[in-house]
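Biologist: Please take a close look at one part of this model, the metal site and what surrounds it. I would like one connected account.

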Amino acid sequence: MFMIGCHLSNSKGYSNMAKQSVEIGANTFQYFSRNPRGGAAKALDMKDIAKFLEFSIEAGIHKPLAHAPYTLNPCAKEPKTAEFAKYVLESDLSRLENIPGGLYTIHPGNHVGQGPEKGVGLAGALLDVAMPASQTTTLLLETMAGKGSEIGCTFGQLASIIDLVGEAKRPRIGVCFDTCHVYSAGYDIVGDLDGVLGEFGEVLGMEKLMAVHLNDSANPFGSRKDRHAKIGEGSIGLEAFGRIINHPLLRDLPFYLETPNEIDGYKEEIALLKSMRD
Ligand code: FE
Ligand code: FE
Ligand code: ZN
């Protein structure tokens, strides 16, 4: 099954996002767990969630992916920011237990001058504390472009973060592979997709690859910049996306578009990608 969807606004609730997905030919979607630039969360509407879960079964909606706010920095330096990160992680993970089978993606963080090694250590330690043993939601670390002091821009850093989480919790951690970010970080998914996935398998284990953010890049290969382009309009290009969505190691994963589009643009992109599936 081709699981494809896009980032949607959750301002009108879960049922609305599921219906919108169906309208644009999608069978999954991504949304922000709370205000992406602040961190405030709306109270959960349990009636809406019940309706959503029922509709999802009927309509075949799979693996809704919650994206953490950008203000969450798992390797913060300032005590206040670190406390906020712990609070948001714990609160989001607890709220998401109401959405069975859901995924939750976070950016591994910005080391803000502490160095990537310290950043990796802080992020791993925080996850170990904030992830409850009973958690059923799968937490995904997003592959980053490496802009500024971002960590998580190498597979090795992601593996080191996961290694710091208690073994019993590790099956509930995976990686969200952002095509724009990995290409900007210097992984050549255009010229050598097999090689990049081989390296991922060696360093992280293929079972850790659990979701794909499907974005073209407005910047050249290895730029360490993070600006998304529409599919086929950036440096990755349409042909490479054909290979990505059909690759045997990727094709059964959920794909989420985060391209600069309004809803009609997403509908077109989804139709285009569907036409490119083998
Ligand atoms: Fe992201
Ligand atoms: Fe992304
Ligand atoms: Zn990005």
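Modeller: Contact here means heavy atoms within 4.5 Å. The model is predicted. Leaving aside neighbours within four places in sequence, His-111 is in contact with Cys-75, Pro-116, Gly-119, Ser-149 and Ile-151. This histidine sits in the loop that runs between β4 (103–106) and α4 (116–130). With a relative accessible area of 13%, His-111 is buried, since the limit for that term is under 20%. Its side chain also reaches the backbone nitrogen of Gly-113, at 3.1 Å.

Now the metal. The iron ion (ligand 1) has three protein donors, His-67 (NE2), His-107 (NE2) and Glu-142 (OE), at 2.2 to 2.3 Å from the ion. Along the chain these donors are spaced as H-x39-H-x34-E. His-67 belongs to strand β3 (residues 65–67) and Glu-142 to strand β5 (residues 138–142), so this pair ties together parts that are 75 residues apart in sequence. His-67 and Glu-142 are both buried. Glu-142 also serves a second metal: this residue bridges the iron ion (ligand 1) and the iron ion (ligand 2), and the two ions lie 3.3 Å apart.

Strands β3 and β5 come up again in the packing of helix α3. The buried residues of α3 pack against both of them, and also against α1 (14–23), β2 (28–32), β4 and α4. Those buried residues are Ala-85, Val-88, Leu-89, Ser-91, Asp-92, Leu-93 and Leu-96. The helix itself, residues 79–96, has 18 residues and reaches 26 Å from its first C-alpha to its last, close to the 26 Å expected at 1.5 Å a residue.

Conventions:
Residues are numbered from 1 along each chain as its sequence is written. Chains are lettered from A and ligands numbered from 1 in the order in which they are written. This is a predicted model: local features need pLDDT of at least 70, side-chain atom pairs count only at pLDDT 80 or more; totals for chains, interfaces and linings use all residues. Side-chain values use heavy atoms; hydrogens and water are left out. Donors are N, O and S atoms within 2.8 Å of the metal (3.2 Å for Na, K and Ca); water is not among the atoms, so sites may look incomplete. Helices (H or I, at least four residues) and strands (E, at least two) are DSSP runs, numbered from the N terminus. Buried means under 20% relative accessible area, exposed over 50%, partly exposed in between (1.4 Å probe, protein chains only). A polar contact is a pair of N or O atoms within 3.5 Å; within protein, one must be able to donate a hydrogen and the other to accept it, and residues adjacent in sequence count only if both atoms are side-chain atoms. The expected span of a helix is 1.5 Å times one less than its number of residues.
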